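Trainee: Could you take me through one part of this model in close detail? I would like to see how that part sits in the chain as a whole.

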Amino acid sequence: VGEGKEGLGPRSLETGIGPGSPGRLVLGGRRTQPGLSKSCRGAFQSPRPSPKSGQADGASEDSLHLDIQKLKEKRDLLDTEISQLISEGYSVDELEDHISQLHEYNDIKDVGQMLLGKLAVIRGVTTKELYAEFGLDMND
């Protein structure tokens with residue numbers, strides 16, 4: 001259907017002719033309804049699963065209470081860890097400064113990696129070869 005000397009072409013899409021098919025589109029021998037496709041005609045279905053019909057509201061409420069209890073336990077555990085770190089002499093300001101320095105180090109390292117990559121392309125060598133030339137450790 002729709003094949004000529006050149007293979008598949010515009011003739012592969014034809015208007016159906018015959019009993020019971022006036023105005024229907026024939027795609028490769030398969031008849032479809034005009035307008036929206038079958039998957040688009042149905043009612044909207046949310047990707048979020050709906051609660052099971054047999055599930056009582058009490059069951060979902062119990063589940064929520066259990067989730068809340070688990071979160072409270074996690075919060076208490078984190079509070080204990082924070083207290084332990086403070087008692088060992090760590091401070092929030094020191095931590096924030098350390099994180100800031102790590103960000104700066106990573107930014108500088110990224111620029112260095114980019115420059116090594118460009119230099120490797122210019123020289124026609126691998127970046128690994130440049131590490132040895134500049135005395136860099138591959139694990140850095």
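Mentor: Happy to! In this predicted model, the secondary structure of the chain consists of four helices and five strands. Followed along the sequence, the pattern is β-β-β-β-β-α-α-α-α. Of the 140 residues in the chain, 6% are buried. The accessible surface amounts to about 12,600 Å², and carbon and sulfur atoms hold 57% of that surface. As for contacts with a separation of 6 or more, 2% of them are between residues 24 or more positions apart.

Now for the close look, at helix H3, which covers residues 92-123. Let's visit two of its residues, Asp93 and Leu119.

Asp93 counts as exposed because its relative accessibility is 61%, and exposed means over 50%. Asp93 also belongs to a negative surface patch, which it forms together with Glu94, Glu96 and Asp97.

Further along helix H3 is Leu119. Its relative accessible area is 25%, so Leu119 is classed as partly exposed; the class lies between the buried limit of under 20% and the exposed limit of over 50%. What does Leu119 touch, once its neighbours within four places in sequence are left aside? The answer is Leu130 and Phe134. For Leu130 there is a backbone distance to go with the contact: the C-alpha atoms of Leu119 and Leu130 are 8.4 Å apart, and the two residues are eleven residues apart along the chain.

So, in your viewer, helix H3 gives you two places to inspect: Asp93 with its negative patch, and Leu119 with its contacts to Leu130 and Phe134.

Terms used:
Residues are numbered from 1 along each chain as its sequence is written. This is a predicted model: local features need pLDDT of at least 70, side-chain atom pairs count only at pLDDT 80 or more; totals for chains, interfaces and linings use all residues. Side-chain values use heavy atoms; hydrogens and water are left out. Patches are made of residues with over 30% relative accessible area and no salt bridge: like charges are joined within 9 Å, nonpolar side chains (Val, Leu, Ile, Met, Phe, Trp, Tyr) within 5 Å. Accessible areas come from the Shrake-Rupley method with a 1.4 Å probe; for residues, only the protein chains shown count as cover. A salt bridge is a side-chain nitrogen of Lys or Arg within 4 Å of a carboxyl oxygen of Asp or Glu. Lys and Arg count as positive and Asp and Glu as negative; His and the chain ends are not counted. The place of a charge is taken as NZ of Lys, CZ of Arg, CG of Asp or CD of Glu. Buried means under 20% relative accessible area, exposed over 50%, partly exposed in between (1.4 Å probe, protein chains only). Contact means heavy atoms within 4.5 Å.
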